[in-house]
Amino acid sequence: MSADILLTAFDAVLADLDGVVYAGPAAIPGAIDALNGLAEKNVKLAYVTNNASRTPAQVAAHLRDLGAPADDDQVVSSAQAGAALLATKFPAGSKVLVTGSAALAQEVLDLGMKVVASAQDAPDVVIQGFDPALGWVDLAEATFAIKGGAAWIATNTDMTIPRDRGIAPGNGTLVAAVRAAVGFDPMVAGKPEAPLFHTAANRLGAKAPLVVGDRLDTDILGGNNAGMATALVLTGVDSGETALRACTAERPTFIIPTLKELYSAYPDIEFDGATVTCGAAAATVTRGSDGESVDTVHIAGTTDDPDAWRAACAAWWAAVPQADAATTPVITWHSTFL
């Protein structure tokens, strides 16, 4: 195992919020201490969030209330990304139907756009972002406008969002409802698109940032799209198993149980051509060779050991280096390999 902690190789952390720093209004255990320790390691910090329901200033204030370090400009949101995309497509003065929060509407107003309330106002574009108060009437109005010829931008397409009571529907579910009605996809501004991450890194002047998130399809895919190292933290939506099954584009560089593991050495992962070992865990792969055989990942370890998932991911990803969609190997557990 390397003597260096994981953070040694990076000059900044670009952290997701929901499922990484907090779930609902409450901080995830240990997250605040981990964030406060970054400055001592000369590692800069920005927060990159797809939740467009609050302004960056409101998010930063919430983070400070939780005890985390957060200036307003350390928060980069999909609402900002959505507004930036809007500005590249439409001139100031364009009419915009905002299907989302007051924070998103303010971002639009700051561009010099005109926010309208109804499809009957003939908007040039609909911009859709998360707001827990959105209902059928709002989605219907967006649909009427888009079917009437308005362009359509979504701040993000996260299908779920971690809350204090569990996993809840995210903006992607609301976007999917409109998509089902209009028959095509929106332009998407936030994660997993790369510009949000580049914006955050540029604000910090970071040359070697680490993207930390709990979602493979937004945080990890987005960080990978931006050409950055990525760490899946297992405190939110995705797990070691979903990481193992992930398509190539969504595979993280690192898997860590919580943010505090940023301050630990990442374990060595060794592959002898047949077996991958990580700590006390090991994994091998057998490939299906006929119609009755299946691909199987054999894991020596326990389901609650992150090293077991690290070994299993490395073994399976070596066997299937290129996968355009999620994979479906059988996973079997063993106390040890003979």
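**Notebook: sheet, salt bridges and empty spaces**

I began with an open sheet of six strands, whose order I noted as E5-E4-E1-E13-E14-E15, with parallel pairing. Here strands (E, at least two residues) and helices (H or I, at least four residues) are DSSP runs numbered from the N terminus, and two strands pair if DSSP finds at least two bridges between them. E5 and strand E15 (254-256) stand at the edges with a single partner strand each, so one side of each is left without a neighbour in the sheet. I also noted that neighbouring strands of this sheet are turned by 25° against each other on average, direction ignored, the axes being lines fitted to C-alpha atoms, for helices over the stretch in contact, with angles running from 0 to 180 degrees between N-to-C directions.

I should record that this is a predicted model, in which local features need pLDDT of at least 70 and side-chain atom pairs count only at pLDDT 80 or more, while totals for chains, interfaces and linings use all residues. Residues are numbered from 1 along each chain as its sequence is written, and side-chain values use heavy atoms, with hydrogens and water left out.

At one edge of the sheet I looked up how strand E4 (residues 44-49) meets E5, and found that three bridges join these parallel strands, with Val75 in E5 as the bridge partner of Tyr47.

**Salt bridges**

I counted a salt bridge where a side-chain nitrogen of Lys or Arg lies within 4 Å of a carboxyl oxygen of Asp or Glu, and the search of the whole structure gave nine of them. For accessibility I took buried as under 20% relative accessible area, exposed as over 50%, and partly exposed as in between (1.4 Å probe, protein chains only).

In helix H10 (residues 306-319), Arg310 and Asp307 lie three residues apart, about one turn of the helix, and their closest N and O atoms are 2.7 Å apart. Arg310 is buried at 7%, and Asp307 is buried at 15%.

The salt bridge of Asp295 with Arg287 has its closest N and O atoms 2.9 Å apart; Asp295 is partly exposed at 24%, and Arg287 is partly exposed at 47%. I also wrote down a network of salt bridges that links Asp16, Lys191 and Asp219.

**Pocket and cavities**

For empty space I used a 1 Å grid over the protein atoms alone, where a cavity is a set of points at which a 1.4 Å probe fits but cannot get out, a pocket is an open set with protein on both sides within 12 Å along at least five of seven lines, and lining residues have an atom within 4 Å of a point.

The largest pocket is lined by 13 residues, with Gln80, Ala81, Ala84, Pro195 and Thr199 nearest its centre. Strand E5 (75-77), helix H3 (78-89) and helix H7 (195-204) are the elements that give two or more residues to this lining, so the edge strand E5 of the sheet appears here again.

The search found two cavities of 30 Å³ or more. Of the 18 residues that line the largest cavity, Asp18, Asn50, Asn51, Asp158 and Ile161 are the closest to its centre, and strand E10 (160-163) gives the largest share of the lining, three residues. Asp18 and Asn51 are also among the residues that line the second largest cavity.

Notes: Points joined across faces, edges and corners; volume = space filled by probe spheres on them.
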